[in-house]
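Me: Please examine the structure below and justify the terms used for its surface and its internal spaces.

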Amino acid sequence: MTLVLPGSAQLVSGNRRVGRVATWTWLSLLVLGVLAVVTSYFWHGLAFWAGTSTTLLQVLRLGLVALAVGWAYLFVDAWRLGQPLTLQRQHRLAVVGVNGFLCFSVAGALLFGAHVVGVQRDFMISMFGEGDAVDAADGRYNVLLMGGDSGAGRWGLRPDSMTVASIDAETGKTVLISLPRNMQNFPFAEGSVMDEQFPDGFDVEGMYLNGLSTWALDHAELFRGSKNPGVDATVQGVEGITGLDINYWAMVNLEGFKDLVDAVGGVELTVRQPIPVGLPHEKTFHYIEPGTRVLDGHDTLWFARAREGSDDYSRMARQKCVMSAMLQQVSPQVALRNFEQIAGASSAMVSTDLPRGEVDRFVDLALKARSQKIATLSLVPPMINTAEPDIALIHRKVEAAIARAEGRAPAGEPPAETVEAADGGDPGAPQGGATTPQDGGASTPAAPATPSAPPAVTGGSLGSLSTGYAANQSEDLGAVC
């Protein structure tokens with residue numbers, strides 16, 4: 001009776017006042033729980049808010065502890081009301097065993113629930129700040145995602161990768177805009193600290209986009225009151241290059257990323273050619289063989305970062321494939337099953353200025369994004385010369401990519417260059433200056449047919465350095481990974 005309807009045993013045979021309080025408390029919690037579940041089903045925002053509000057989480061944590069103690073008391077009192085000493089020895093032992101099992105099971109489950117709620121609350125406090133929310137810019141949230149180096153004394157000092165996730169504030173439709181770390185001679189956001197220091201653009205000899213962070217740390221006095229001058233300088237550079245207003249940023253410790261992948265049980269990726277893991281002189285050195293396979297955190301990190309036999313731009317393409325796979329494969333069910341491990345890995349992996357009050361909004365947008373195609377744009381050769389970037393062209397490309405994602409016709413976009421290898425064209429089509437009757441030129445005897453080489457690939461994405469990697473510029477990232 002105490003398991004099914006707490007307080008009922010007291011109503012029948014014990015202190016009726018205790019029974020009434022327990023019964024009404026249980027019925028009230030039951031009704032409240034059903035209403036919360038039904039409301040959350042039709043309005044996900046309630047569940048996301050409840051899971052991210054530190055005040056509510058603290059109340060829920062204390063409530064679960066109190067419920068565990070109170071329910072355990074009811075079980076002990078129900079055992080007393082059953083007058084166990086009047087029973088035969090075998091019956092008495094059976095009653096003690098059953099009652100003890102129920103008491104410890106129910107109380108243990110509730111205390112474990114309180115622990116999980118506490119982990120979530122600590123996660124929210126340690127990862128997210130108390131800053132003010134920033135409104136969407138032109139209906140989109142632009143979040144700068146940076147992959148930071150890790151190591152003693154240099155956590156995140158030189159971003160290894162930089163991607164702007166431009167997210168529609170209503171639909172969650174996302175465009176990933178990646179910037180190469182070796183970009184030079186670029187402007188900064190107008191009126192920013194870096195713009196005042198470099199009005200003609202960042203033209204420091206031997207310095208690249210990923211060096212902004214260390215430059216700013218060497219000149220921290222210019223960023224008065226800033227907790228992250230290196231990130232501020234990088235944000236100002238990215239805004240100047242893309243023409244977008246950055247709402248928030250997140251720095252990911254790539255070494256800690258391994259723990260996150262392991263926490264969700266690995267990630268399934270399509271490997272198109274062998275990817276080296278580690279360095280040849282290491283005992284653990286091996287290759288990730290081609291095929292569709294589930295990789296653990298260590299191999300996933302190398303899949304995303306390996307440069308042996310490839311180049312920076314193919315690595316950027318592989319990193320996008322990892323982002324896409326994580327978004328599609330880490331479902332809410334997987335997150336719940338591995339919640340504590342994910343929370344622990346994420347706290348050590350991510351630093352961000354996203355305020356706690358905005359987390360529920362971005363969780364909602366992330367779930368919406370899972371059901372849609374992800375578009376990508378990478379500001380890399382052959383489209384962009386990273387040494388002397390055409391900023392006006394970059395702005396047009398960014399605007400056009402966002403317009404297509406929103407279902408609008410790009411305004412004033414020049415005709416796009418056809419990249420056959422990336423767009424799925426015929427790799428055996430005539431190259432160079434050869435003419436055919438279809439070209440309108442003079443007909444020449446056909447050369448003997450020779451087998452065409454397969455499209456060049458580097459691990460996860462179709463394409464090549466000369467033609468561009470498909471994952472770096474696509475309307476459907478999942479289809480080219």
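**Surface patch and enclosed spaces**

Reply: In this predicted model, Leu3, Val4, Leu5, Trp24, Leu27, Leu30, Val34, Val38, Tyr41, Phe42 and Trp43 make a nonpolar surface patch of about 1200 Å².

Me: Why is leucine 30 called partly exposed?

Reply: The relative accessibility of leucine 30 is 43%. Buried would require under 20% and exposed over 50%; the value lies in between, so leucine 30 counts as partly exposed. The residue belongs to helix H2, which covers residues 16-42.

Me: How do you know that leucine 30 meets the accessibility condition for the patch?

Reply: Patch residues need over 30% relative accessible area. Leucine 30 has 43%, and therefore meets that condition.

Me: What is the volume of the second largest pocket, and which residues are closest to its centre?

Reply: The volume of this pocket is about 760 Å³. Its lining has 21 residues, of which Leu32, Gly33, Ala36, Ala50 and Leu60 are the closest to the centre. Two or more lining residues come from each of H2, helix H3 (44-52) and helix H4 (54-81). H2 gives the most, with eight residues.

Me: What makes the lining of the second largest pocket nonpolar or charged in character?

Reply: By class, 17 of its residues are nonpolar and four are polar, with no charged residues. Gly counts as polar and Ala and Leu count as nonpolar, so among the residues closest to the centre, Gly33 is polar, whereas Leu32, Ala36, Ala50 and Leu60 are nonpolar.

Me: Why are the other spaces called cavities, and how many have 30 Å³ or more?

Reply: A space is called a cavity because a 1.4 Å probe fits in it but cannot get out, whereas a pocket is open. The count is two cavities of 30 Å³ or more. The largest holds about 70 Å³, and the second largest has a volume of about 40 Å³.

Me: Which residues line the largest cavity, and how do they divide by class?

Reply: Asp160, Ser161, Met162, Leu179, Pro180, Arg181, Asp312, Arg315, Met316 and Gln319 form the lining. Strand E2 (159-168) and helix H11 (312-329) each give two or more residues, and H11 gives the most, with four. Four lining residues are nonpolar, two polar and four charged. Asp and Arg count as charged, so the charged residues are Asp160, Arg181, Asp312 and Arg315.

Me: What lines the second largest cavity?

Reply: Its lining consists of Ser161, Met162, Thr163, Ser178, Met316, Gln319, Lys320 and Met323. H11 gives the most here, with four residues. Three residues are nonpolar, four polar and one charged; Lys counts as charged, so the charged residue is Lys320.

Notes:
Residues are numbered from 1 along each chain as its sequence is written. This is a predicted model: local features need pLDDT of at least 70, side-chain atom pairs count only at pLDDT 80 or more; totals for chains, interfaces and linings use all residues. Side-chain values use heavy atoms; hydrogens and water are left out. Patches are made of residues with over 30% relative accessible area and no salt bridge: like charges are joined within 9 Å, nonpolar side chains (Val, Leu, Ile, Met, Phe, Trp, Tyr) within 5 Å. Accessible areas come from the Shrake-Rupley method with a 1.4 Å probe; for residues, only the protein chains shown count as cover. A salt bridge is a side-chain nitrogen of Lys or Arg within 4 Å of a carboxyl oxygen of Asp or Glu. Buried means under 20% relative accessible area, exposed over 50%, partly exposed in between (1.4 Å probe, protein chains only). On a 1 Å grid over the protein atoms alone, a cavity is a set of points where a 1.4 Å probe fits but cannot get out, and a pocket is an open set with protein on both sides within 12 Å along at least five of seven lines; lining residues have an atom within 4 Å of a point. Grid points are joined across faces, edges and corners, and a volume is the space filled by probe spheres set on the points.
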